[in-house]
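Here's a quick walk through a small set of structural features, from the overall layout down to a few individual residues. Have the viewer open as you read.

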Amino acid sequence: MKFFYLSSNPNESGQHEVHDRDCVLIPDSYDRDYLGPYNTGNEALRKAQTMKTEVGLCKHCCNTHDQPIISILKGGKNIV
Ligand SMILES: [Zn+2]
């Protein structure tokens with residue numbers, strides 16, 4: 001479980017980025033909104049979409065390496 005925040009200011013792509021609390025790139029407390037505790041950035045992103053129209057995940061703290069679907073695909077079957 002991590003605590004996620006939504007940047008109040010859009011990035012150069014016009015998106016408001018979702019950050020976890022420990023991200024080094026998170027905006028300071030005046031420039032962010034609290035989203036809540038979530039297991040993944042994608043869950044936080046869903047909440048963020050209800051607050052802003054253009055939202056995205058921070059590439060630094062919310063990269064999708066730990067997406068469970070990848071391990072399911074790799075571990076489920078023998079690919080020979
Ligand atoms: Zn971040």
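What follows covers the fold, the sheet, the helix that packs on the sheet, the core, and two loop residues.

## Overall layout

First, a caveat: this is a predicted model. The chain has two helices and four strands, and if you read along the sequence they come in the pattern β-β-β-α-β-α.

Of the 80 residues in the chain, 24% are buried. Take the contacts between residues at least 6 apart in sequence, and 58% of them join residues at least 24 apart.

## The sheet

The four strands make an open sheet with mixed pairing, and the order to keep in mind is S3-S1-S2-S4. Strand S3 (32-38) and S4 sit at the edges, each pairing on one side only. Going from one strand to the next, the twist averages 30°.

Have a look at S2 and S4. Strand S2 (residues 16-20) pairs with S4 in the parallel sense, over three bridges. His-16 takes part in this pairing, and its bridge partner in S4 is Val-55. Both of these residues will come up again below.

## H1 on the sheet

H1 packs on the sheet and touches S1, S2, S3 and S4. Its direction makes about 130° with that of S3.

Which residues of H1 are buried? They are Gly-41, Ala-44 and Ala-48. These three lie on the same side of H1, because they cover an arc of only 60° around the axis. What do the buried residues of H1 pack against? The answer is S1, S2, S3 and S4.

Ala-48 is worth a click. Leaving out residues up to four places away in sequence, Ala-48 touches Leu-6, His-16, Val-18, Leu-35 and Val-55.

## The core

The largest nonpolar core has twelve residues. Along the sequence you'll meet Phe-4, Tyr-5, Leu-6, Val-18, Ile-26 and Leu-35, then Ala-44, Ala-48, Val-55, Leu-57, Cys-58 and Cys-62. Strand S1 (2-7), helix H1 (41-48) and strand S4 (55-57) each supply at least two residues of this core. S1 gives the most, with three.

The helix and the core tie together here: Ala-44 and Ala-48 belong to this core, and both are among the buried residues of H1. Val-55 is a core member too, as well as the bridge partner of His-16.

## Two loop residues

Now for a couple of spots outside the helices and strands. Pro-10 is in the loop between S1 and S2. Is Pro-10 buried or partly exposed? With 14 C-beta neighbours inside 10 Å, Pro-10 counts as partly exposed, because being buried takes 20 or more and being exposed means 12 or fewer. Pro-10 touches Gln-15, His-16 and Glu-54, again not counting residues up to four places away in sequence. Measure from Pro-10 to Val-55 in your viewer and you should get 8.3 Å, C-alpha to C-alpha, for two residues 45 apart in sequence.

Gln-49 is in the loop between H1 and S4. Gln-49 is partly exposed, since it has 14 other C-beta atoms within 10 Å. From Gln-49 to His-16 the C-alpha separation is 9.6 Å, while along the chain these residues are 33 apart.

His-16 is a handy landmark for finishing the tour: Pro-10 touches His-16, Ala-48 touches His-16 as well, and Val-55 in S4 is its bridge partner.

Key. Residues numbered from 1 in each chain as written. Predicted model: local features only at pLDDT ≥ 70, side-chain atom pairs only at ≥ 80, totals over all residues. Core = buried A, V, L, I, M, F, W, Y, C linked by C-beta atoms within 7 Å. Contact = placed C-beta atoms within 7 Å. Pairing = 2+ DSSP bridges. Axes fitted to C-alpha atoms, helices over the stretch in contact; angles between N-to-C directions. Arc of directions from axis to C-beta.
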